[in-house]
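Biologist: Could you pick one spot in this chain, take a close look at it with me, and then walk outward until I can place it in the whole? I have everything open in front of me, so please take your time.

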Amino acid sequence: MTANTPTTGDSKGSVTGVTGRRIFSGIQPSGRLHIGNYLGAISQFVPLQEEYDCIFGIVDLHAMTQIYKSKEMSQRIINAAVNYLACGLDPNKATLMLQSGVQEHAELAWILATVTPLPWIQRVPTFKEKARQQPDNVNMGLFNYPVLMAADILIYKSVAVPVGEDQRPHLELTREIARAFNARFGSFFPEPREIIGSQARVIGLDGKNRMSKSLDNCIYLDDEPDVIREKINKQGVTDPARVKRTDPGNPSICNIFTWHGFFSSKEEQAYCAKECRVAGFGCLDCKAILIKNILELLAPIQERQKELMANLDKVQEIIRDGTERARKIAQETMKEVREITGLTYLI
Ligand code: AQP
């Protein structure tokens, strides 16, 4: 596997001035998890559990910003939990929690919204991207998404957050919101720093858009090998100018070649680039090497997925325990927040 291990430092190289060791990160159960989630998030999270007090959330309230069928939500939560665990999250080291099981996330989000000026949210690029993707459902939840995300992080007084490329503006906003709250009510929330992991932005099979559950342009972590073969061979967009097998290709504009960068060895990448440029082999040959490497990476993960799926009581117990642990911390924070914001009349 060639995905990078995260550097446990901030953008300046170390988590300076930080005393605690708690970090939070989350994944929406808005569909089945895919290799973009793996490369950009989960593979980065797992090594952090050795060093930090990690809370990993299945953020189902965020997933509600898209249209979904209520009866499918539980299955999606299971898929997210199973994948977190199959990819190496150890419940003895890290906390796996369900966001809707800790109501304090939503409560703090409201309070943080009251210190967040409107233009800060209007400039968030992911809001604009989502509004483009789902023009018929540009709901307030989508707009408030970054404030809820700030609450997810700050409720645990997290000192750092592992971020992928697309999450950096959200983290910057979280820091600004923490600063705004502290300026108004007194120093309380730490400003969480970035833990820089892979800056991978995995483009989907369509070769155009970021791999995304809602666009269904994904290789899912639980896709069967035959499905992966078929998707990559039939849907995986390559250099559009290479029409015939005998045309020389240009790897630098080929998404399949970019994927080699995530999954293949340096030697394989060099070999594929060379053969492509001189039409020494066709796109299917290039894809065959990629498929082999993806299947090799996913084989042990899929084996663990199957074990976990056969033991769903255990998975539910892990989520329940983790959520309870998280709730205790969140309730403690909210007790203090109510005190410093003056919401104590009936207490
Ligand atoms: N294509 C991607 N490349 C790199 N990283 C990615 N992540 C998601 N897609 C890619 C990272 O996965 C983490 C969790 O993401 P999420 O599920 O909370 O939401 P998302 O980023 O919006 O992912 P999707 O698949 O695009 O979901 P939908 O379609 O429901 O919005 C994040 O750290 C993200 O960076």
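Modeller: Happily! Let's start at P117, which sits in the loop between α4 (104-113) and α5 (118-122). Please keep in mind that what you have on screen is a predicted model. P117 has a relative accessibility of 33%, which means that this proline counts as partly exposed. If you want a sense of distance from there, jump to I319: the two residues are 202 positions apart along the chain, and their C-alpha atoms are separated by 35 Å. P117 falls within the 7-202 part of domain 1, while I319 falls within its other part, 311-341.

That brings us to the overall division. Domain 1 is made of two pieces, 7-202 and 311-341, and domain 2 covers 225-306. The C-alpha centres of the two domains lie 33 Å apart. Where they meet, eleven residues of domain 1 are in contact with seven residues of domain 2.

Now follow the chain from domain 1 towards domain 2, and pause in the loop between β5 (193-196) and α9 (225-235), where you will find D216. Its neighbour in sequence, N217, belongs to that loop as well. The backbone at D216 deserves a look: phi is positive, about 50°, although D216 is not a glycine. As a general point, most residues other than glycine have a negative phi. N217, for its part, is buried, because its relative accessible area is 4% and the cut-off for buried is under 20%. What does N217 touch, leaving aside residues up to four places away in sequence? The partners are G204, L205, D206, N209, R210, M211 and S212. With D206, which is eleven residues away in sequence, the C-alpha to C-alpha distance is 6.3 Å.

Continue into helix α9 and you reach I228. This isoleucine has a relative accessible area of 0%, so it is buried. Not counting residues up to four places away, I228 touches I219, D223, I294, L295, L298 and Q302. I294 is one of these partners, and it stands 66 residues away along the chain, with 8.6 Å between the two C-alpha atoms.

A second residue with a positive phi waits further along. A279 is placed in the loop between α11 (266-277) and α12 (283-309). Phi there is near 55°, again a positive value in a residue other than glycine. A279 has a relative accessible area of 15%, which means that it counts as buried.

For the last stop, go to the segment after α13 (312-341), where L343 is found. L343 is partly exposed because its relative accessibility is 48%. Apart from residues up to four places away, L343 touches I111 and R338. I111 lies in α4, the helix on one side of the loop that holds P117, and that contact of L343 with I111 brings us back to our starting neighbourhood. In the other direction, L39 is 304 residues away from L343 along the chain, and 42 Å separates their C-alpha atoms.

Finally, let's step back to the whole chain, which has 13 helices and five strands. The radius of gyration is 21 Å, which agrees with the value near 20 Å for a compact globule of 347 residues. Along the principal axes, the C-alpha atoms fill a box of roughly 75 × 45 × 45 Å. Buried residues make up 52% of the 347. Among contacts with a separation of 6 or more, 79% come from residues 24 or more positions apart. The accessible surface is about 16400 Å², and 53% of that belongs to carbon and sulfur atoms. As for charge, there are 42 positive and 41 negative side chains, with the centres of the two sets 3 Å apart.

Technical notes:
Residues are numbered from 1 along each chain as its sequence is written. This is a predicted model: local features need pLDDT of at least 70, side-chain atom pairs count only at pLDDT 80 or more; totals for chains, interfaces and linings use all residues. Side-chain values use heavy atoms; hydrogens and water are left out. Helices (H or I, at least four residues) and strands (E, at least two) are DSSP runs, numbered from the N terminus. The radius of gyration is taken over C-alpha atoms; the globule rule is 2.2 Å times the number of residues to the power 0.38. Buried means under 20% relative accessible area, exposed over 50%, partly exposed in between (1.4 Å probe, protein chains only). Contact means heavy atoms within 4.5 Å. Accessible areas come from the Shrake-Rupley method with a 1.4 Å probe; for residues, only the protein chains shown count as cover. Lys and Arg count as positive and Asp and Glu as negative; His and the chain ends are not counted. The place of a charge is taken as NZ of Lys, CZ of Arg, CG of Asp or CD of Glu. Domain bounds come from an automatic or database domain assignment.
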